[in-house]
Amino acid sequence: MFKDLVRKNRSYRGYHENRRMTREELEEFVDCARLCPSSVNGQPFRYYLAWEKEEVDKIQKMTRWARALPQMTLPHEGMCPTGFIVILQDTNIGPSLARYQKDVGIVAQTMLLAAAEAGLGGCMIGNFSADEVKTGLNLPEHLAPMLIVAFGEPAEEIVLTEIEEGESTAYYRDENDVHYVPKRKLSDIILTGQKK
């Protein structure tokens, strides 16, 4: 069951725009995130929720997607996410942004797994200007944008493939816009102690 959720939890870059996210759904994802472990239990994160179209469109314009596919504009027109959660670090609680980097990934992944369980999907977006987001969302100085997570109902097919040692891990799309994500084999990533 859990492994099925992990397989469903892909980085979606295309969504059904007629399926709008709700405040309640985004709050539920944050409720899961707040239960996560935190370095020294500092819990320095705050979460900016966007579900109304005007606010979602504003954040979408601040993001840059799929850097590994520079020849494409993603999401395609009419396939943008319908909700965002911006993970913010309250520097009054935790002044060191580096200290809580791993925690950012933990809470983001937890929210995305919660979305997958609900039949939804999302994508972590790190390609944005923190200053632009801070200004655009009128955030106070002590809240630092760390990561933007998009949400919606996926409208694209993503296929996982296994690669041989040394082959490229770069994701790609075929002529039908199917998104392929190469994954290293389990046997190639596990190290064990060796007998002498």
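Strand β2 (83-90) is largely enclosed by the rest of the structure, because eight of its eight residues are buried. Buried here means under 20% relative accessible area, while over 50% would be exposed and anything in between partly exposed (1.4 Å probe, protein chains only). G83, I85, I87 and Q89 point one way from β2, F84, V86, L88 and D90 point the other way, and all are buried.

A word on what you're looking at: this is a predicted model, where local features need pLDDT of at least 70, side-chain atom pairs count only at pLDDT 80 or more, and totals for chains, interfaces and linings use all residues. Residues are numbered from 1 along each chain as its sequence is written, and side-chain values use heavy atoms, with hydrogens and water left out.

**The four-stranded sheet**

β2 belongs to an open sheet of four strands in the order β1-β2-β4-β3, with antiparallel pairing. The edges are taken by β1 (45-50) and β3 (121-125); each has a single partner strand, so one side of each is left without a neighbour in the sheet. From one strand to the next, the twist averages 25°. Strands are DSSP runs of E with at least two residues, helices are runs of H or I with at least four, and both are numbered from the N terminus. Two strands pair if DSSP finds at least two bridges between them. In general, strands of a sheet pair through backbone hydrogen bonds, either parallel or antiparallel.

Here is how the pairs line up, with the second sheet's parallel pair included:

| Pair | Sense | Bridges | One pair of residues |
|---|---|---|---|
| β1 and β2 | antiparallel | six bridges | R46 and L88 |
| β2 and β4 | antiparallel | eight bridges | D90 and L143 |
| β3 and β4 | antiparallel | five bridges | I125 and I148 |
| β5 and β7 | parallel | six bridges | I158 and H179 |

What about a residue in β4 itself? A150 is found in that strand, and at 0% relative accessibility it counts as buried. Contact means heavy atoms within 4.5 Å. Not counting residues up to four places away in sequence, A150 touches Y15, W65, P81, G83, F84, L112, G121, G122, C123 and I125. A150 and K3 are 147 residues apart in sequence and 22 Å apart in space, C-alpha to C-alpha.

**Helices on and around the sheet**

Helix α2 (residues 23-33) packs on the four-stranded sheet, touching β1, β2 and β4, and its direction makes about 165° with that of β1. Angles run from 0 to 180 degrees between N-to-C directions, and axes are lines fitted to C-alpha atoms, for helices over the stretch in contact.

Helix α2 also meets helix α4 (residues 101-117): their axes come within 8 Å and cross at roughly 130°. The two helices are therefore oblique to each other; under 35 degrees would count as roughly parallel, over 145 as roughly antiparallel and 65 to 115 as roughly perpendicular, with the rest oblique. α2 passes α4 in a right-handed crossing, a label for the near helix being turned clockwise from the far one by less than a right angle (anticlockwise would be left-handed).

Which residues meet there? F29, V30, C32 and A33 in α2 meet V107, T110, M111, A114 and A115 in α4. By class, that contact has eight nonpolar, one polar and no charged residues. Ala, Val, Leu, Ile, Met, Phe, Trp, Tyr, Cys and Pro count as nonpolar, Asp, Glu, Lys and Arg as charged, and the others, Gly among them, as polar.

N9 sits in the loop between α1 (2-8) and α2. N9 is buried, with a relative accessible area of 10%. Leaving out residues up to four places away in sequence, N9 touches Q109, L112, L113 and A116.

**The three-stranded sheet**

A second open sheet has three strands in the order β5-β7-β6, and its pairing is mixed. β5 (158-163) and β6 (172-173) are the edge strands, each pairing on one side only.

Is I158, in strand β5, buried or exposed? I158 is buried, with a relative accessible area of 16%. Apart from residues up to four places away in sequence, I158 touches R10, S11, Y12, H179 and V181. I158 and S11 lie 147 residues apart in sequence and 8.6 Å apart in space, C-alpha to C-alpha.
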